[in-house]
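Me: I would like to learn how to read some features of a structural model, one at a time. Please give the general idea, then the case at hand.

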Amino acid sequence: MNGSCDQGDSALVRTLTGDIFNPVHLDETTFAIAQFACCLVGIPLNLSIAITLIRHRRLRKKPRNIFLLGIILSNLSFFIPAVIKLTYWGFYPVESLCRVYVALVGVPQGLLSLNMFLAVADRYLAINHPLLHRKKMTVRFASIVIILSSISTVFFLKFVYIVGLAPLRCEVWLVHAKIILMILTLLFLSCATLHLVVYRQTKILLGTIFPSTNDAAGQRNGNQMECIELAVIGNESLNERVSTPITNDECSSIRTSMSIHVNRRKLSQIDLETTRTLISGLTSLFITTLPPMIFVSSFLACRLVSQSDCSHFNWLAPYMIELGLINVVCSPLIILIRNKDLRTAL
């Protein structure tokens, strides 16, 4: 092991002077103040939402709120490296604190991307397999999925340290950076793709409920309430479901799997809300995960092409990694604005 470590010294990130790069070191007071401000606002905000979701039985009995809780806890994980960095910079610059920071780098981004993926996957199942989702997706099952998948993600992110491929010291190993890049890229692409799929499926479902806004047979003064039959048969795909506008008298006599009364103005609100969900989800994903991915990819590409240490990239590292703090401060506010039940309980 010592021989492999000595041989792997060239696989460490170094400064312009040739010294080993210290990942927890802060050079700018302005950046430290900005981090402190984010922590001062973001920690109480996310913590209050998490406590509200846990304490109120009406909220925690819904599986979708369990996935929301996973996202909020992932938000809180962003503040742990930030607090460690501020502590190291301010008054306790010790090796052990730097090791803890190295052990946590990349974990918040991975956990947030994972929990966002699970939350969107839950919505995908609810749209495409509503009966199965209602039967199988319980609070306990959602909790188990979140816990097991989070543990697995952390294990793979820190695989090099857990199995002893590299020593955990106050330094950055390139193999560790490559593993983090691969996992974050996989989670990012999966989550972004699923966001788009759910958006498309939601639009298809809305179009199936209301095939044509100009259909006079099913309208009365533009605000006609329509009874929609959604036939859900086995594992039938969303595109094959039948949606037929019928009269109110017929509605009470027909045995259907599901009946929905929707106002056309309400339909426009649902459509707008679907678009907002897509935009907010992708924006959060782009802010937290994409900058570190671009930075690490550029750094590794520079080393591969120029055959040098590419130390001039080092000053960008804290900005790219900690950029997610902006999102974890803003996203809870968006959640509160859009979630009336949570806002009322809070």
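Me: Is Ser 331 buried or exposed, and why?

Reply: This is a predicted model. The general idea is a threshold: a residue counts as buried when its relative accessible area is under 20%. Ser 331 has 13% relative accessibility, so Ser 331 counts as buried. Ser 331 is found in helix 16, which covers residues 324-338.

Me: How far apart are Ser 331 and Asn 75, in sequence and in space?

Reply: The two separations are read independently. Along the sequence, Ser 331 and Asn 75 are 256 residues apart, while their C-alpha atoms are 8.9 Å apart in space. For the protein chain as a whole, take the contacts with a separation of 6 or more: residues 24 or more positions apart account for 77% of them.

Me: What are the overall counts for the protein chain?

Reply: The protein chain contains 17 helices and 3 strands. It has 346 residues, and buried residues make up 46% of them.

Me: Where does Arg 64 sit, and what does it touch?

Reply: Arg 64 belongs to helix 4, residues 63-77. With neighbours within four places in sequence left aside, its contacts are Asp 122 and Arg 123. Its C-alpha is 9.1 Å from that of Met 137, at a sequence distance of 73 residues.

Me: Why does Arg 64 count as partly exposed?

Reply: The class between buried and exposed runs from 20% to 50%. Arg 64 has a relative accessible area of 44%, and is therefore partly exposed.

Me: Which loop holds Cys 170 and Trp 173?

Reply: Cys 170 lies in the loop between helix 10 (159-162) and helix 11, and Trp 173 is found in the loop between helix 10 and helix 11 as well. Cys 170 counts as buried because its relative accessibility is 13%. For Trp 173 the value is 5%, so Trp 173 also counts as buried.

Me: What surrounds Cys 170?

Reply: A contact list is read with sequence neighbours taken out. Not counting residues up to four places away, Cys 170 touches Ile 20, Phe 21, Asn 22 and Pro 23, and also Glu 95, Cys 98, Arg 99 and Val 102. Tyr 101 is 69 residues from Cys 170 in sequence and 8.3 Å away in space, C-alpha to C-alpha. For Trp 173, the corresponding pair is with Leu 12: 161 residues apart in sequence, 4.7 Å between C-alpha atoms.

Me: How is the crossing of helix 7 and helix 9 described?

Reply: A helix pair is read from its axes, its handedness and its contacts. The axes of helix 7 (residues 107-128) and helix 9 (residues 139-157) come within 10 Å and cross at roughly 145°. The crossing is right-handed. On the helix 7 side, the residues that meet helix 9 are Val 107, Gly 110, Leu 111, Leu 114, Asn 115 and Leu 118; their counterparts in helix 9 are Val 145, Ile 146, Ser 149, Ser 150, Thr 153, Val 154 and Leu 157. By class, this contact has 8 nonpolar, 5 polar and no charged residues.

Me: How much space lies in the second largest pocket, and what lines it?

Reply: A pocket is read from its volume and its lining. The second largest pocket has about 810 Å³ of space. There are 38 lining residues, and the closest to the centre are Phe 21, Phe 295, Asn 314, Ala 317 and Pro 318. Elements giving two or more residues are helix 6 (95-104), helix 11 (174-209), helix 14 (290-306) and helix 15 (317-322). Helix 11 gives the most, with 6 residues. The lining divides into 25 nonpolar, 9 polar and 4 charged residues.

Me: How many cavities of 30 Å³ or more are there?

Reply: A cavity differs from a pocket in that a probe placed inside cannot get out. The search of the whole structure finds 1. The largest cavity holds about 50 Å³ of space. Its lining is Phe 78, Pro 81, Leu 104, Val 105, Gly 106, Pro 108, Gln 109, Ile 321 and Glu 322. Helix 7 and helix 15 each supply at least two of these residues. The classes are 6 nonpolar, 2 polar and 1 charged.

Me: Is Glu 322 buried or exposed, and what does it touch?

Reply: Glu 322, found in helix 15, counts as buried because its relative accessibility is 7%. Apart from residues up to four places away in sequence, Glu 322 touches Phe 31, Gln 35, Ala 82, Lys 85 and Tyr 101.

Technical notes: Residues are numbered from 1 along each chain as its sequence is written. This is a predicted model: local features need pLDDT of at least 70, side-chain atom pairs count only at pLDDT 80 or more; totals for chains, interfaces and linings use all residues. Side-chain values use heavy atoms; hydrogens and water are left out. Axes are lines fitted to C-alpha atoms, for helices over the stretch in contact, and angles run from 0 to 180 degrees between N-to-C directions. Helices (H or I, at least four residues) and strands (E, at least two) are DSSP runs, numbered from the N terminus. A crossing is left-handed if the near helix is turned anticlockwise from the far one by less than a right angle, and right-handed if clockwise. Contact means heavy atoms within 4.5 Å. Ala, Val, Leu, Ile, Met, Phe, Trp, Tyr, Cys and Pro count as nonpolar, Asp, Glu, Lys and Arg as charged, and the others, Gly among them, as polar. On a 1 Å grid over the protein atoms alone, a cavity is a set of points where a 1.4 Å probe fits but cannot get out, and a pocket is an open set with protein on both sides within 12 Å along at least five of seven lines; lining residues have an atom within 4 Å of a point. Grid points are joined across faces, edges and corners, and a volume is the space filled by probe spheres set on the points. Buried means under 20% relative accessible area, exposed over 50%, partly exposed in between (1.4 Å probe, protein chains only).
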